[in-house]
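User: I would like a close look at a single part of this model. Please keep the wording simple and take me through that part step by step.

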Amino acid sequence: MSSPSTDLPRDFCAIDFGTSNSAVAVPDAARPGAMRLVPLEDDKVTMPTAVFYYAEGRHDADGPPRAFGRAAMAAYEEGVDGRLMRSMKSILGSSLIDQVTDVGGGRGVKYADMLAGYLKRLRRQAARDGHEPRRVVLGRPVYFVDGEPERDAAAQASLAAAARAVGFEDVHFQFEPIAAAFDFEQQADREQLVLVADIGGGTSDFSLVRVGPERIRRLDRRDDILANHGVHIAGTDFDRHIELTGILREFGYRALGPAKPGQTPREVPSGVYFDLATWHLINTCYSPQRVIELRNMKGFYGDPRHHQRLMTVLDERLGHELAHRAEEAKIEVAAGGDCTIDLGLIESGLSVALSETAAMGALRDDIERIAQAGRETVERAGLQPSDVDALYFTGGSTGLTVLADRIAADFPAARPVRGDRFASVATGLGLHAARLFAA
């Protein structure tokens, strides 16, 4: 990862704070003028954007006892008593950012403080060589919130405030797909138009960028960004559809109520199922008032087993486990073939068969909306699909082959290139930070 300077200051870093995974780039002491990705856990340069709050343990100045990244996921999977938080980036731009949520043991944590705590962990990792970063370039999606400029601006402001709260004095932003274009540009041997498809856990962002070896050293690249566009649909939405289609039907989603003479059975109210399938809303299903309300709705269910299973999920707080199993099923189906989802933790012997056809059917509308955003990006630049020289895929969700193939189908003349799904944005942000902060 090179930069235009031969001697970089050491007081800055770049952070890719992702919905699912995060990464950090810092100046490389061993290679003057270069940047490197920081090992965040052992030798791994990416870390799941996850925090686990232990139900038991001393509350200190840093907040309740917690684990980050893979350690957080491990604590959750081992059944340790506590609460796992994921998809924290999805909270930006919503009213939840200023609310307090229960993390177990009678403790409450403000969502904004939760986010700041994770950024503090990343900053500490960036400072492992003894240089405390004061300046930062943070990646951001094209839109935190679709079609609502005020909420989108509020989302960026909240992220900037969190960064300043943990010690960053100078905070800059760069669009994540633009950063990915900078990473792609390192291998470009001629000038070309590249459509970057950055599809992660929370957003699907596209940017049409002019790149080339003669442009790579320019700091101001505004003229090379021909268009960008995005939609707030990505991996966590895929997980939600898989859970609704492949799991929650066994718990009453889209089920009918009891048959009554002369009346058409009504569908069971679906609000609780959508909340159970959305990571940052799962905990709202456990409030005493809501549990009582749902327990009293037994008569709404034509099949008593559906209601019984739902109450087991709520009473034993198994919503996050169901969401996790939906994510695993998505990954398994994406790798090819059908899968079986074991739900024996809810009811002995309970399982659900999920076919590849059913899974792809559940995702079809979202995939089409994402592909449409790619086409619209090129249209906004006043160009045709045939004008695009390359497609650069980055972000964890581009591992879903059917999605990448669908996007590529609209640009048959473009050469598809796959970047590092989890690190190319951080690499590009590092390149931008080096150019921005170079002495």
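In what sense do E12 and E13 pair, and over how many bridges? Please start there and work outwards to the sheet and to what packs on that sheet.

Analyst: This is a predicted model, and the answer below describes that prediction.

The pairing of E12 and E13 is antiparallel, and 8 bridges join the two strands. E12 covers residues 192-199 and E13 covers residues 204-211. Together the two strands make a hairpin, with 4 residues between them. One pair of opposite positions is Asp198 and Asp205, the latter in E13. In general terms, the strands of a sheet are paired by hydrogen bonds of the backbone, and the pairing can be parallel or antiparallel.

E13 has a second partner, strand E14 (residues 225-231). This pairing is antiparallel too, over 6 bridges. Here Phe206 has His229 of E14 as its bridge partner. E13 is also mostly covered, as 7 of its 8 residues are buried. Buried is used here for a relative accessible area under 20%.

Now the whole sheet. It is an open sheet of 5 strands, and the order across it is E14-E13-E12-E17-E18. The pairing in this sheet is mixed. E14 and E18 are the edge strands; each has a single partner strand, so one side of each has no neighbour in the sheet. From one strand to its neighbour the sheet turns by 20 degrees on average, with direction ignored.

Next come the helices that pack on this sheet. Helix H4 (residues 176-185) touches E12, E13, E14, E17 and E18. The direction of H4 makes about 45 degrees with that of E13. Helix H10 (356-380) lies across E12, E13 and E14, and runs at about 155 degrees to E14.

A further helix, H11 (residues 401-409), is also in contact with this part of the model. Its buried residues include Leu403, Ala404 and Ile407. These three are on the same side of H11, because the arc they cover around the axis is only 95 degrees. What covers the buried residues of H11 includes both strands of the hairpin, E12 and E13. The cover also includes strand E17 (390-394) and strand E18 (415-418). Two helices are among the covering elements as well, H10 and helix H5 (235-246).

H5 leads on to one more feature, the largest pocket. H5 is one of the helices that each supply at least two residues of the lining of this pocket, along with H1, helix H9 (319-334) and helix H12 (424-437). H9 gives the most to the lining, with 6 residues. The space in the largest pocket comes to about 920 Å³. Its lining has 43 residues, and the closest to the centre are Ser20, Asn21, Gly396, Ser397 and Phe422.

To return to the starting point: E12 and E13 are an antiparallel pair with 8 bridges, they form a hairpin, and they stand next to each other in the order E14-E13-E12-E17-E18. H4 packs on the sheet they belong to, H10 lies across both of them and E14, and both strands are part of what covers the buried residues of H11.

Conventions:
Residues are numbered from 1 along each chain as its sequence is written. This is a predicted model: local features need pLDDT of at least 70, side-chain atom pairs count only at pLDDT 80 or more; totals for chains, interfaces and linings use all residues. Side-chain values use heavy atoms; hydrogens and water are left out. Buried means under 20% relative accessible area, exposed over 50%, partly exposed in between (1.4 Å probe, protein chains only). The arc is that of the directions from the helix axis to the C-beta atoms. Contact means heavy atoms within 4.5 Å. On a 1 Å grid over the protein atoms alone, a cavity is a set of points where a 1.4 Å probe fits but cannot get out, and a pocket is an open set with protein on both sides within 12 Å along at least five of seven lines; lining residues have an atom within 4 Å of a point. Grid points are joined across faces, edges and corners, and a volume is the space filled by probe spheres set on the points. Two strands pair if DSSP finds at least two bridges between them. Axes are lines fitted to C-alpha atoms, for helices over the stretch in contact, and angles run from 0 to 180 degrees between N-to-C directions.
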